Amino acid sequence: MEITKEMVIEEINNVINGFNPVENNRTNIINAELTLGKFFALMELLFKIDVNAYVELADSTKEQRDMLFSITEKIYKL
């Protein structure tokens with residue numbers, strides 16, 4: 001099976017939009033770390049396939065990534 005740019009972009013969007021906060025801060029931190037890890041692994045793959053798509057998706061997901069980073073920063077406040 002060939003991995004296409006469209007498949008990677010769809011999975012990246014599923015990952016970044018699939019994060020759902022819960023009431024437990026520690027669980028949110030773990031889930032945010034996992035989401036970011038998946039996101040960046042898929043982005044690395046996209047970079048190898050199509051740099052322009054990589055840049056466009058990086059720009060369009062900045063707000064979601066910033067939200068996830070703000071959650072992971074809470075680990076230093078626990």
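Start by selecting V15, which sits in helix 1. You're looking at a predicted model, so treat everything on this tour as computed. V15 has a relative accessible area of 11%, and anything under 20% counts as buried, so V15 is buried. Now show what surrounds V15. Setting aside residues within four places in sequence, V15 is in contact with T35, K38, F39 and L42. While you're here, pick G37 too: it is 22 residues from V15 along the chain, and the two C-alpha atoms are 9.8 Å apart.

**Zoom out for a moment**

How many helices does the chain have, and how many strands? There are four helices and zero strands. Follow the sequence from start to end and the pattern reads α-α-α-α. If you drew a box around the C-alpha atoms along the principal axes, it would be roughly 40 × 25 × 15 Å. The chain has 78 residues, and 29% of them count as buried. V15 is one of those buried residues.

Try thinking about who touches whom, too. Take the contacts in the chain with a separation of 6 or more: 70% of them come from residues 24 or more positions apart.

**Stop two: the other end of helix 1's story**

Stay in helix 1, which covers residues 5–17, and select E6. Is E6 buried or exposed? E6 has a relative accessible area of 52%, so it is exposed. Now add F19 to your selection. E6 and F19 are 13 residues apart in sequence, and from C-alpha to C-alpha they are 21 Å apart in space.

**Stop three: across to helix 2**

Next, select T35, one of the residues that V15 touches. T35 lies in helix 2. With 9% relative accessibility, T35 counts as buried. Which residues does T35 touch, if you skip those up to four places away in sequence? The answer is V15, I16, F19 and L68. You've met V15 and F19 already, so color those to keep your bearings.

Move one place along to L36, also in helix 2. L36 counts as buried as well, at 5% relative accessibility. Leaving out neighbours within four places in sequence, L36 is in contact with R65, L68, F69 and T72. For a distance check, pick I9: it is 27 residues from L36 in sequence and 15 Å away in space, C-alpha to C-alpha.

**Stop four: into helix 4**

Follow one of those contacts of L36 to T72. T72 is in helix 4, which runs over residues 62–72. At 8% relative accessibility, T72 counts as buried. Looking back from T72, and ignoring neighbours within four places in sequence, you'll find contacts with I29, A32, E33 and L36.

**Stop five: where helix 2 meets helix 3**

Now show helix 2 (residues 25–49) and helix 3 (residues 51–60) together. Their axes are 6 Å apart, and the helices pack at an angle of about 140°. That angle makes helix 2 oblique to helix 3. Want to see the contact itself? Select M43, L46, F47 and I49 on the helix 2 side, then V51, A53, Y54, L57 and A58 on the helix 3 side.

Keep A58 selected, since this residue of helix 3 is worth a look by itself. At 19% relative accessibility, A58 counts as buried, because the cut-off is under 20%. Beyond residues up to four places away in sequence, A58 touches M43 and R65. Then add F40: it is 18 residues from A58 along the chain, with 9.9 Å between the C-alpha atoms.

**Stop six: from helix 3 to helix 4**

What is the angle between helix 3 and helix 4? They pack at about 60°, with their axes 5 Å apart. Helix 3 and helix 4 are therefore oblique to each other. To light up this meeting place, select A58, D59 and S60 in helix 3, along with K62, Q64 and R65 in helix 4.

**Last stop: the outside**

Finish by switching on the surface. The chain exposes about 5500 Å², and carbon and sulfur atoms supply 53% of it. Then color by charge. You'll be looking at 8 positive and 13 negative charges, and the mean positions of the two groups are 8 Å apart.

Notes
Residues are numbered from 1 along each chain as its sequence is written. This is a predicted model: local features need pLDDT of at least 70, side-chain atom pairs count only at pLDDT 80 or more; totals for chains, interfaces and linings use all residues. Side-chain values use heavy atoms; hydrogens and water are left out. Helices (H or I, at least four residues) and strands (E, at least two) are DSSP runs, numbered from the N terminus. Buried means under 20% relative accessible area, exposed over 50%, partly exposed in between (1.4 Å probe, protein chains only). Contact means heavy atoms within 4.5 Å. Accessible areas come from the Shrake-Rupley method with a 1.4 Å probe; for residues, only the protein chains shown count as cover. Lys and Arg count as positive and Asp and Glu as negative; His and the chain ends are not counted. The place of a charge is taken as NZ of Lys, CZ of Arg, CG of Asp or CD of Glu. Axes are lines fitted to C-alpha atoms, for helices over the stretch in contact, and angles run from 0 to 180 degrees between N-to-C directions. Angles under 35 degrees count as roughly parallel, over 145 as roughly antiparallel, 65 to 115 as roughly perpendicular and the rest as oblique.
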